[in-house]
Amino acid sequence: MRVLYFTRAYTPHDHRFLSALAESGQEVFYLPLENDGKALEDRPLPPQVERLHWQGGSGRFRWRDVPARVLELRRILRRVNPDVVHAGPVQTCAFLAALAGASPLVTMSWGSDLLKDAFSSGWMKWVTRFTLRASHVLVGDCLAVRDAAAGFGFPAEQVVLFPWGVHLERFHPLREPSLLRERLGWQDAFVVLSLRSWEPIYGVETVVDAFAQAFEEEPRLRLILLGQGSLAGRIQQRLHQRQLHEVVYLGGQVHQDDLPRFYQAADLYVSASHSDGSSVSLMEALASGLPVLVSDIPGNREWVTPGEAGWLFPVEDAHALAQGILRAVREPETLKDMRIRARCLAEERADWRKNFPKLLEAYRMALRRTGKLVEEKHPL
């Protein structure tokens with residue numbers, strides 16, 4: 001099966017999807033929309049995947065370039081002649097694919113494109129509606145995405161839902177003392193982990209403010225703060241003003257292979273995101289047997305029942321987050337039970353190897369809807 005995989009830029013998530021598609025026997029063509037100079041993934045493309053080169057992948061995406069990109073994409077479609085076009089996010093790659101007449105079109109939501117970006121302006125609402133009307137199937141990772149699409153008139157029966165999931169053999173509870181904690185001298189500390197990008201949507205400033213408040217009451221607290229982004233200056237200023245550098249480990253952008261040891265070194269995972277689907281980092285934390293304390297948004301509510309594997313707190317409420325951290329510190333027996341439930345939840349719902357085949361089913365559904373499914377040609 002020939003699959004054109006059209007995505008905004010090469011990320012760890014794209015690497016995982018492309019690898020799985022290639023391993024499943026598909027003939028995969030990778031097309032990036034832009035290159036903004038930020039390397040989000042340093043692993044090479046899987047060798048079975050063919051990268052397509054075009055003018056659109058050489059710089060940043062600009063709306064004024066849409067007509068030229070659409071004409072170029074039409075030429076690519078004629079040359080590659082894919083059986084299925086997989087495109088997302090909704091308002092960029094999928095929109096261009098829709099304008100170019102891609103068929104069948106499987107649009108993949110990346111969460112915030114439908115939960116937040118779609119409502120940012122009248123223009124974005126129109127782009128979203130146009131794209132969904134041209135899509136044969138929508139792939140989403142949570143019920144909130146399906147409901148948002150329904151608000152634009154997209155039929156629920158054309159939505160394939162699956163949380164992307166994690167590799168459970170990579171992300172698992174640590175059964176021995178953490179070498180990272182030992183290196184930092186944090187063996188007796190209570191370690192909080194935050195690893196969302198330093199962008200406004202992820203609320204990292206709220207995490208820093210909450211940690212500062214909690215640290216005043218509980219000096220055993222330590223914070224592993226990974227990531228980078230446009231708010232770096234403001235976050236660094238907050239840490240300096242509160243004199244927190246000695247109790248905060250700044251790890252920057254961490255290689256995928258190194259991520260498990262950070263989860264395993266922590267006692268509590270926190271995220272103050274304003275918008276999320278089924279967050280991959282949340283699933284990684286659960287798979288690592290890590291209790292979670294996350295913002296009370298629809299995507300998180302699908303995973304976190306308060307008191308089971310973690311807790312929720314109101315969006316942008318640093319005080320509530322601080323109180324949640326302190327509660328976690330003071331309830332060690334509760335955390336012990338949560339660790340077990342977190343891992344069980346991940347095994348039940350967040351297993352990448354069990355969830356990925358749903359993407360192939362989405363392709364199959366799109367082919368059926370266009371009358372192009374021939375089982376001998378597309379055994380999947």
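The following dialogue works through the fold, the cysteines and several individual residues of a predicted model.

Student: How many helices and strands does the chain have, and what radius of gyration goes with them?

Tutor: The chain of this predicted model holds 16 helices and 13 strands. For its 380 residues the globule rule gives 21 Å, and the chain comes close to that figure, so it is as compact as a globular protein of that length. The radius of gyration of the chain is 21 Å.

Student: What share of the residues in the chain is buried?

Tutor: A residue is called buried when its relative accessible area is under 20%. As a view of the outside, the chain exposes about 16,500 Å², of which carbon and sulfur atoms supply 48%. Of the 380 residues in the chain, the buried ones make up 58%.

Student: Among contacts between residues at least 6 apart in sequence, what percentage joins residues at least 24 apart?

Tutor: A contact here means heavy atoms within 4.5 Å. Taking the contacts in the chain between residues at least 6 apart in sequence, the part that joins residues at least 24 apart is 70%.

Student: How far apart do the centres of the positive and negative side chains lie?

Tutor: The chain carries 46 positive side chains and 46 negative ones, and each set has its own centre. The distance between the two centres is 6 Å.

Student: Why is Cys142 too far from Cys93 for a bond, and how many disulfides are counted?

Tutor: A disulfide is a covalent bond between the sulfur atoms of two cysteines, and a pair is counted when the sulfur atoms are within 2.5 Å. The closest cysteine sulfur to that of Cys142 belongs to Cys93 and is 19 Å away, which is too far for a bond. By this rule the number of disulfides is 0.

Student: Which is buried and which is partly exposed, Cys142 or Cys344?

Tutor: Buried means under 20% relative accessible area, and partly exposed means a value between that limit and 50%. Cys142 has a relative accessible area of 1%, so Cys142 is buried. With a relative accessible area of 43%, the partly exposed cysteine is Cys344.

Student: Which residues does a cis peptide bond join ahead of helix H3 (90-99), and which in the loop after H3?

Tutor: The loop between strand S4 (84-88) and helix H3 (90-99) contains Pro89, and a cis peptide bond with omega of about 10° joins Gly88 and Pro89. Pro104 sits in the loop between H3 and strand S5 (105-108). There, with omega of about -5°, the cis peptide bond joins Ser103 and Pro104.

Student: Is Asn81, with its positive phi, buried or exposed?

Tutor: Asn81 is not a glycine, yet its phi is about 50°, and this residue lies in the loop between helix H2 (66-80) and S4. Since exposed means over 50% relative accessible area, the value of 56% for Asn81 makes this residue exposed.

Student: What is the relative accessible area of Gln243, another residue with positive phi?

Tutor: Gln243 has phi near 55° and is a residue other than glycine. Its place is the loop between helix H9 (232-241) and strand S10 (248-252). Gln243 is exposed, and its relative accessible area is 71%.

Student: Which residues does Leu195 touch beyond four places away in sequence?

Tutor: Leu195 lies in the loop between strand S8 (190-194) and helix H8 (204-217), and with a relative accessible area of 15% it is buried. Not counting residues up to four places away in sequence, Leu195 touches Leu226, Leu259, Tyr263, Tyr269 and Ser281.

Notes. Residues are numbered from 1 along each chain as its sequence is written. This is a predicted model: local features need pLDDT of at least 70, side-chain atom pairs count only at pLDDT 80 or more; totals for chains, interfaces and linings use all residues. Side-chain values use heavy atoms; hydrogens and water are left out. Helices (H or I, at least four residues) and strands (E, at least two) are DSSP runs, numbered from the N terminus. The radius of gyration is taken over C-alpha atoms; the globule rule is 2.2 Å times the number of residues to the power 0.38. Buried means under 20% relative accessible area, exposed over 50%, partly exposed in between (1.4 Å probe, protein chains only). Accessible areas come from the Shrake-Rupley method with a 1.4 Å probe; for residues, only the protein chains shown count as cover. Lys and Arg count as positive and Asp and Glu as negative; His and the chain ends are not counted. The place of a charge is taken as NZ of Lys, CZ of Arg, CG of Asp or CD of Glu.
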